Amino acid sequence: FCVFCFFFMPPEASSGLNSVAVLLPLALFAFPAIEGLPFWAIGVGVVLVALCCCACTPVEPRQPSEQGHPARQARRPEAGELVELRTDSGLHFVAMQARFGQWPEDAAQALVGQVVALPAAALRRKLAVQGTVVVRRQELRQMGVRRWDGVVHAVANMGAQALLIVNVGEELEPLSLSEGMTTHLPTALMRQNDGEKLLAAVGRGRVRLRTRSPSEAAVARAEELSFAERHAEAAEALGEAIQCVESPEEALPLHIRRSDALRLAGKAQEATLDALAAVRLEPESADGWLAVVRAHRASGEAEQARKAAEQAVDLYEINDERLTALVLELTRPPEELAQERKETGNVLFKQHRYSEAKAAYTSALDVLPSSEHSDTLLRAACFGNRAGCSQQLHEWESVISDGTQALALQPDNVKVRLRRAIAFEALECHGRALQDAREILSLDPRHAQANAIQHRAGKALRDLGMPDPGKQETTAEVSQSHSSDHVQQRVSSASVHAVGPESFRLSEGTQASSCSGQSPRPAEPRRSGQRCRETQLQMAQDFCR
């Protein structure tokens with residue numbers, strides 16, 4: 001009877017019947033008095049014990065069907081792992097994975113689907129839901145819930161595929177169950193502001209969660225590259241995004257952004273092509289015409305830029321303040337306008353508004369068409385001042401990039417070279433920092449900051465066991481001078497045979513005395529030549545120090 005019930009009872013009772021199958025033979029052998037009972041009484045007792053065991057045994061949460069959700073591979077996420085999600089209504093947020101649940105390799109796939117807003121009080125009811133459940137943590141606290149075990153199991157028993165918890169505040173923290181507790185429900189925590197926006201969208205209608213499309217992933221990568229000022233790579237990423245989209249509405253902003261990235265990368269002609277592609281898609285786009293005007297101006301085509309701005313304002317009747325301002329700017333000399341924006345950046349720099357000052361210097365550089373057609377000192381000043389803003393913002397790569405361009409236009413600028421040396425030292429490029437410090441000291445031997453950088457960078461190179469670049473160059477020069485001295489010595493020795501040994505000794509003594517700074521005295525040729533070379537090497541080493 002027990003074996004029959006074990007095979008034909010529902011799966012929820014399997015653990016209880018296991019207990020009966022083990023305990024029943026023990027009870028039959030331990031209590032001989034049970035043999036006197038009728039057979040029907042024993043059967044009723046077995047059924048009652050099985051039902052009691054089934055009622056006391058916790059039910060494992062049901063797994064989603066394979067039809068609705070693909071098979072998932074169990075993976076325990078690390079603390080701090082984030083999932084990036086989007087909604088079909090345009091919301092974008094991130095959630096932190098809990099360190100329990102059954103997460104696939106692409107964790108966002110576990111949360112993709114219909115969103116269901118569930119009040120915390122509904123966890124005590126026996127409901128059936130499908131999709132991703134969203135619960136407020138504040139409501140759980142008001143109900144007196146302090147542990148996640150019961151919440152997760154309650155939502156899992158409803159048949160949900162995942163659980164999103166709206167946190168109290170904007171912090172994200174890893175959630176974990178108590179030791180020994182297991183669950184298969186993927187759970188994540190989201191910020192309060194994002195959660196309230198998601199719940200408001202659910203209240204207005206059906207909302208589905210989804211992951212990033214290939215074009216969105218490419219745009220996100222382009223944003224990161226643009227922030228790092230790697231504009232050429234950002235333009236390539238935006239090109240990939242343009243290939244992934246199909247509608248003109250989606251391609252329009254991508255063409256505009258790619259045009260800006262190419263212009264900042266110094267590829268003005270290619271930027272003009274992307275900007276023109278944008279205005280062909282939407283002739284009344286103000287941003288598209290702005291990109292066209294900026295690209296023409298960056299390529300040195302001031303007349304073409306002016307005609308494009310007038311065409312946008314007069315022909316397409318685009319009433320945009322930025323285009324109107326550009327028309328006025330194009331009628332003024334670019335050097336005058338750049339000088340005005342540079343002075344604006346100087347005022348902002350003195351007010352410690354470094355980000356705004358950096359933008360002002362960038363706009364001043366945008367006005368100047370190119371280094372060949374503009375004031376060299378003005379461009380060098382804008383690059384150097386922008387490097388100073390980046391130094392205050394600790395953007396060391398930008399300091400090096402702008403400083404290098406400024407020094408290419410004005411190599412004797414001590415202030416810019418010092419900024420670049422500081423940036424090299426911050427990035428632990430001690431060799432290049434040492435070279436810049438020595439260049440400064442060659443122009444100003446009493447420069448205290450350059451002297452300090454020279455000592456620190458030299459000590460760092462010695463501690464790391466790396467060669468000194470200045471000493472390597474000096475050693476090469478000394479070895480070259482040695483070879484020339486050797487050739488000269490052979491020529492002089494040939495003339496000695498013709499003149500005589502006494503005059504040879506006199507010439508060698510004079511050479512040695514001139515290197516050592518003492519009065520002329522006769523010396524042996526080999527020893528005096530060796531001293532002269534040692535003196536030259538010592539002087540070179542002193543110069544490197």
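Two strands count as paired if DSSP finds at least two bridges between them. Keep that in mind as you work through these exercises on a predicted model.

## Exercise 1: The barrel

Task: Work out in which order the 7 strands close into a barrel, and what the pairing is.

Solution, step by step.

1. The order around the barrel is E1-E2-E6-E5-E4-E3-E7, and the pairing is mixed.
2. Neighbouring strands of this sheet are turned against each other by 35 degrees on average, with direction ignored.
3. Now look at what sits on the sheet. Helix H5 (residues 148-157) packs there and touches strand E4 (132-136), strand E5 (162-166) and E6, its direction making about 135 degrees with that of E5.
4. Next, take the pairs one at a time. Strand E1 (residues 82-87) runs antiparallel to strand E2 (residues 92-97), with 5 bridges between them. Within this part, Leu 82 has Met 96 of E2 opposite.
5. E2 and E6 are also antiparallel, joined by 3 bridges.
6. E5 and E6, in contrast, run parallel, with 4 bridges.

As a reminder, the strands of a sheet pair through backbone hydrogen bonds, in either a parallel or an antiparallel way.

## Exercise 2: One residue in the barrel wall

Task: Find which strand holds Ala 188, and decide whether Ala 188 is buried or exposed.

Solution, step by step.

1. Ala 188 belongs to strand E6 (residues 187-190).
2. The cut-off for buried is under 20% relative accessible area. Ala 188 has a value of 0%, so Ala 188 is buried.
3. Check the bridge partners. Gln 97 is bridged to Ala 188 in E6, and Leu 164 also has Ala 188 as its bridge partner.
4. Then list the contacts beyond four places in sequence: Ala 188 touches Ala 95, Met 96, Gln 97, Ala 98, Trp 103, Leu 111, Leu 163, Leu 164 and Ile 165.
5. Compare sequence with space. Gly 101 is 87 residues from Ala 188 in sequence, while their C-alpha atoms are 9.6 Å apart.
6. Finally, widen the view to the strand. E6 is covered on both faces: Thr 187 and Leu 189 are buried on one side, Ala 188 and Met 190 on the other.

## Exercise 3: Two arginines in a row

Task: Say which of the classes buried and partly exposed fits Arg 136 and which fits Arg 137.

Solution, step by step.

1. Partly exposed covers the range between 20% and 50% relative accessible area. Arg 136 has 29%, so Arg 136 is partly exposed.
2. Arg 137 has a relative accessible area of 12% and is therefore buried.
3. Place both in the fold. Arg 137 is in helix H4 (residues 137-142). The side chain of Arg 136 forms a salt bridge with that of Glu 196, at 3.1 Å from N to O. Because Arg 136 is in strand E4 and Glu 196 is in helix H6 (residues 192-204), the pair ties together parts that are 60 residues apart in sequence.
4. Glu 196, with 31% relative accessible area, is partly exposed.
5. Look at the surroundings of Arg 137. Apart from neighbours within four places in sequence, its contacts are Trp 148, Ile 165, Val 166, Asn 167, Val 168, Glu 173 and Leu 189.

## Exercise 4: More salt bridges

Task: Find how many salt bridges the structure holds, and examine the one between Asp 366 and Arg 263.

Solution, step by step.

1. The structure holds 25 salt bridges.
2. In the one between Asp 366 and Arg 263, the closest N and O atoms are 3.7 Å apart. Asp 366 lies in helix H15 (residues 354-367) and Arg 263 in helix H9 (residues 248-264), so parts 103 residues apart in sequence are tied together.
3. Asp 366 is partly exposed at 25%, whereas Arg 263 is buried at 15% relative accessible area.
4. For another case, take Asp 436 and Arg 417, whose side chains meet in a salt bridge at 3.2 Å, N to O. Asp 436 is in helix H19 (residues 430-443) and Arg 417 in helix H18 (residues 414-426), 19 residues apart. Both residues, Asp 436 and Arg 417, are buried.
5. A network of salt bridges links Glu 84, Arg 86, Arg 210 and Glu 216.

## Exercise 5: A nonpolar patch

Task: Name the residues that make the nonpolar surface patch of about 330 Å².

Solution, step by step.

1. The patch is made by Val 44, Val 47, Leu 48 and Leu 51.
2. Leu 51 is part of helix H3 (residues 39-56).
3. With 48% relative accessibility, Leu 51 counts as partly exposed.

Conventions
Residues are numbered from 1 along each chain as its sequence is written. This is a predicted model: local features need pLDDT of at least 70, side-chain atom pairs count only at pLDDT 80 or more; totals for chains, interfaces and linings use all residues. Side-chain values use heavy atoms; hydrogens and water are left out. Patches are made of residues with over 30% relative accessible area and no salt bridge: like charges are joined within 9 Å, nonpolar side chains (Val, Leu, Ile, Met, Phe, Trp, Tyr) within 5 Å. Accessible areas come from the Shrake-Rupley method with a 1.4 Å probe; for residues, only the protein chains shown count as cover. A salt bridge is a side-chain nitrogen of Lys or Arg within 4 Å of a carboxyl oxygen of Asp or Glu. Helices (H or I, at least four residues) and strands (E, at least two) are DSSP runs, numbered from the N terminus. Buried means under 20% relative accessible area, exposed over 50%, partly exposed in between (1.4 Å probe, protein chains only). Contact means heavy atoms within 4.5 Å. Axes are lines fitted to C-alpha atoms, for helices over the stretch in contact, and angles run from 0 to 180 degrees between N-to-C directions.
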